[in-house]
Amino acid sequence: MRYSGFRVIAEALTGHKGWKPVWRDPEPQATYDYIIIGGGGHGLATAYYLAKEFGQARIAVLEKGYLGGGNVGRNTTIIRSNYLLDGNEPFYEFSLKLWEGLEQDFNYNAMVSQRGIINLIHTDAQRDAFTRRANAMILHGADAEMLSREDVRKLYPWLNFDNARFPIKGAIAQKRGGTVRHDAVAWGYARGADMRGVDLIQNCEVTGMRIVGGRIQGVETSRGYIGAKKVGVAVAGSSSKVMAHAGMRLPIESHVLQAFVSEGLKPLIDGVMTFGAGHFYVSQSDKGGLVFGGDIDGYNSYAQRGNLPVIEDVAEGGMALMPAIGRVRLLRSWGGIMDMSMDGSPIIDKTPVEGLYFNGGWCYGGFKATPASGWCFAHLLAKDESHTTAKAYRFDRFLKGLMIDEKGQGATPNLH
Amino acid sequence: MIIHHPILGPRDAQEFVYLGDASLINRPDGMTAGIEAFHDYAYNRNNPAGEHRELWYHEQGDRSWLVVTRNTVTHEILGVELARDVARAQGRSK
């Protein structure tokens, strides 16, 4: 069923009796050409592009719980392509271009809102670094501009410009950045994949992998054995657990990242803003709540909930930047599990097991990458070679010294 | 989280800096181990869901390194040892 304005009006006039479930709930078949493990944003996008762009069939997505129940529904919904390094920027700009055409492409309202993102500057050194970053972005075909202190003041006059430690001296802006309704991304991709014959199999946990002579044969699941020619793993957060079924140790630690939403307020922030000095970032949802977050808790965790010290730290960052929110009440906080990789960048690559492919290590930048991650992973699965924008996301970059380390922190996952 | 320091008693986890898997104590000899072994030491992790032995540094305390055994699913702390004692028990000089 295609969605359109006409359809909404027609249904309104006939009592909304024509709407049908958005996707099927099929039983797993005995074998598939492709199995994607993980029914989150990246897994569903992979299945969608495999079917639509690469013309493949007999595809299943296996999801342990329900579709979109993991990190795609737990993030702070920001999209942007403001990276510095050659290995990253073309990929994230490809992703931002896919976001721009996404709703027309999969005929679903994902509320893509290019409301702009600014990263604040507090020192001259930071201005130099951000100017360099803006030049790198422009050279890769993205948009970037430098804002003066007065430009920022026009946008948000109520910020704490004269903070004694971190005075605001300007910002780098990407006007094409913004936010997207994250649940609708999962639902749109799921619907698009289902319409093209992909079996979306929920409540189906992968409990083992059958590997014979170095080649994948299929996966053991809580709903029985399912054979496959190729298996793609897209389960960021649980990557180490799933890849252990294939005997692999990964350059990844799982960490908990918390996010927060305040009570609803009148319009205050019309874009996305980051305060790097305190690692605090914020946007305002269409319902009025301030959606914000900060650092990961910093210790290995699979708990999907964090501890109070980080909540206090994030609140302090918010107060340093925006004293006006001092009386605003926190409505909810929650946690998601991040694949923190050893250089802060993701992996989309083959594995030593023939027919087994891996997509993970997204740290806390996975949501904005969803469309390009799906596209590039589908490219790898269908053609056995990396997409041009994802060539650097290899497993062996650590062995060869080709790390993509935006923050220059080295092999310390909790500092990326 | 409260970490029961073997010498100082119960301390808030905020006083500590986290490094990661306690296997980092066993650094191979870079001159003899070979690049593959050193790559595995530096970059790959078991990353278990459940019991995890890990290194915490008491930066805002006595600056000792501890080996904390903690459940990564529940955050429950199951045991705390001085990293020095762990290394010596493995035959190291310090």
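A residue is called buried if 20 or more other C-beta atoms lie within 10 Å of its own, exposed if 12 or fewer do, and partly exposed in between, with the C-beta atoms placed from the backbone. Keep that one handy for the whole tour.

**Before you click**

What you have open is a predicted model, where local features need a pLDDT of at least 70, side-chain atom pairs count only at pLDDT 80 or more, and totals for chains, interfaces and linings use all residues. Residues are numbered from 1 along each chain as its sequence is written, while chains are lettered from A and ligands numbered from 1 in the order in which they are written.

**Stop 1: a covered helix**

Select residues 370-383 of chain A, which is helix α9. Helices here are DSSP runs of H or I with at least four residues, strands are runs of E with at least two, and both are numbered from the N terminus. Helix α9(A) has 14 residues and reaches 20 Å from its first C-alpha to its last, close to the 20 Å expected at 1.5 Å a residue. (The expected span is 1.5 Å times one less than the number of residues.)

Is this helix mostly covered or hardly covered? Mostly covered: 12 of the 14 residues of α9(A) are buried. Try colouring some of them, including A:Trp375, A:Phe377, A:His379 and A:Leu380. Just after the helix, click A:Asp384, which has a positive phi near 60°.

**Stop 2: a bare helix**

Now jump to residues 5-13 of chain A, helix α1. This one is hardly covered: of its nine residues, the count that are buried is zero. A:Gly15 follows α1(A), and its phi is positive too, near 75°.

**Stop 3: an enclosed strand**

Next, select strand β18 of chain A, residues 356-360. Why is it largely enclosed by the rest of the structure? Because five of its five residues are buried. Turn the view to see both faces: A:Leu356, A:Phe358 and A:Gly360 lie on one side, with A:Tyr357 and A:Asn359 on the other.

Add the neighbours. Two strands pair if DSSP finds at least two bridges between them. Strand β11 of chain A (residues 224-233) pairs with β18(A) in the parallel sense over three bridges. Strand β17 of chain A (residues 347-350) pairs with β18(A) in the antiparallel sense, over four bridges. Click A:Phe358 and look for two partners: A:Val233 is a bridge partner, and A:Asp349 stands opposite A:Phe358. β17(A) and β18(A) form a hairpin with five residues between them, and A:Gly355 in the turn has a positive phi of about 85°.

**Stop 4: one valine**

Go to A:Val272, found in strand β13 of chain A (residues 272-275). A:Val272 is buried, with 25 other C-beta atoms within 10 Å. Which residues does it touch, leaving out those up to four places away in sequence? Among them are A:Ile78, A:Arg115, A:Ile117 and A:Tyr281. Here, two residues are in contact if their C-beta atoms, placed from the backbone, lie within 7 Å. Now draw a distance to A:Gly224: the two are 48 residues apart in sequence and 45 Å apart in space, C-alpha to C-alpha.

**Stop 5: two domains**

Zoom out on chain A and colour domain 1 (5-77 + 182-250 + 343-415) and domain 2 (114-177 + 253-341). Those bounds come from an automatic or database domain assignment. Their centres, taken over C-alpha atoms, are 28 Å apart. Where they meet, 21 residues of domain 1 of chain A are in contact with 16 residues of domain 2 of chain A. The domain 1 side divides into seven nonpolar, 12 polar and two charged residues. (Nonpolar means Ala, Val, Leu, Ile, Met, Phe, Trp, Tyr, Cys and Pro; charged means Asp, Glu, Lys and Arg; the others, Gly among them, count as polar.)

**Stop 6: chain B**

Hide chain A for a moment. Chain B has two helices and six strands, in the order β-β-β-α-β-β-β-α. Its C-alpha trace spans about 40 × 30 × 20 Å along its principal axes. Of its 94 residues, 17% count as buried. Chain B averages a pLDDT (the predictor's confidence in each residue, from 0 to 100) of 95.

**Last stop: where the chains meet**

Bring chain A back. The contact takes 18 residues from chain B and 21 residues from chain A. On the chain B side, select β3 (17-21), α1 (35-43) and β4 (51-57), the elements that give two or more residues. The largest share, three residues, comes from α1(B). That side divides into six nonpolar, 10 polar and two charged residues. For the complex, the predictor gives an ipTM of 0.96 and a pTM of 0.96.
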